[in-house]
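Visitor: Can you walk me through the packing here? Short answers are fine.

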Amino acid sequence: MAPVLPLVLPLQPRIRLAQGLWLLSWLLALAGGLTFLCSGHLLVQLSHLGTFLAPSCRFPALPQVALAAGAVALGTGFGGAGASRASLDAARYPPWRGVLGPLLVAGTAGGGGLLVLALGLALGLPGSLDQGLEEGLGTALAHYKDTEVPGRCHAKRLMDELQLKHHCCGRHGYKDWFGVQWVSSRYLDPNDQDVVDRIQSNVEGLYLTDGVPFSCCNPHSPRPCLQSQLSDPYAHPLFDPRHPNLNLWAQGCHEVLLGHLQDLASTLGSMLAVTFLLQALVLVGLRYLQTALEGLGGAIDGEGETQGYLFPSGLKDMLKTAWLQGGVAHRPAPEEAPPEEASPKEDLPEA
């Protein structure tokens, strides 16, 4: 049975292969470490911004899988660097002969599978961010006033911090605040006729105003912040409602967060692609080095030519062998085989 993709490796090519693998392994360790850091950074960002994502959004799965893939790639890089370095020293290589097999299996099945899964998530999940932020930010605006409701008492603080830190206002703009009651009923005077009229004029019984929270104010504005009666062109002299960015943050938080998280996901996806390529090269190179050295019985400095390969036989032969071995396994043992009935002996004529 012919091996798959055989490659003749004399002494000097084996040495160059080991040296190249040592360099690639350290590059893989570096890429795995950067992937680990990028996914960790994205996880930290999501720990702060997860409140503004809908519970059905699966985007947080991306950094979790990428974190595991980066850790496995980091370990594979260190293991590959040690094995390739030891293959140049006849005294150091024998302990690695038993390590290379599990390292190749773990790197291919575990690390390769995690990297492929993470790459798939990096390509598919950022598209779900749009709907996840749409629902999450809408919920955050609706619960802004619930400062005394258990489980929602931090909604106002988180939304204010979001708008101040990311320089945004509302979901898609400052007018989003006009459609929700963001002032707690605790601070409304039930004897004020204006409050009563506003509540009674709304079919849902909400107190709606054409104002925004203080966190929407742009501190670079040359005039004091205008937060109320923003739709009344006569309420504030020299204020043009058509240019609110002179007073409030111009962008909505949906646009800002979507761009921010997609940029982080894009950077992580690029690191995953580089890590996957380096890991594939390291694993293939280690497999050729392992099989070449096993052909020499572990003699590193053997002068004779040896052959490295990926698999000992072709796919067709491997499947045929597995099929035949399965048939032998299910064939009854000789002692379990039913005894054959003795054929009747013919009467021999007497002499």
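**Core and loops**

Guide: The largest nonpolar core has 47 residues, and those with the most contacts inside it are Phe-59, Leu-62, Met-159, Leu-162, Trp-177 and Val-212. Such a core joins buried Ala, Val, Leu, Ile, Met, Phe, Trp, Tyr and Cys residues through side-chain atoms within 4.5 Å. Buried means under 20% relative accessible area, exposed over 50%, partly exposed in between (1.4 Å probe, protein chains only). This is a predicted model: local features need pLDDT of at least 70, side-chain atom pairs pLDDT 80 or more, while totals for chains, interfaces and linings use all residues. Residues are numbered from 1 along each chain as its sequence is written, and side-chain values use heavy atoms, without hydrogens and water.

Visitor: Why does the core with 47 residues lie between domain 1 and domain 2?

Guide: Domain 1 (8-141 + 259-312) and domain 2 (145-231 + 244-254) both give residues to it, so it lies between them. The bounds come from an automatic or database domain assignment.

Visitor: What is Leu-62 in contact with?

Guide: Beyond neighbours within four places in sequence, its contacts (heavy atoms within 4.5 Å) include Leu-42, Ala-118, Leu-121, Ala-265 and Leu-268.

Visitor: Switching topic. Is Asp-210 buried or exposed?

Guide: Asp-210 is buried, at 16% relative accessibility. Residues up to four places away aside, Asp-210 touches Phe-178, Gln-227, Ser-228, Gln-229, Leu-230, Ser-231 and Asp-232.

Visitor: And Gly-127, buried or exposed?

Guide: Gly-127 is exposed, with 58% relative accessible area. Its C-alpha is separated by 8.8 Å from that of Gln-262, 135 residues apart along the chain.
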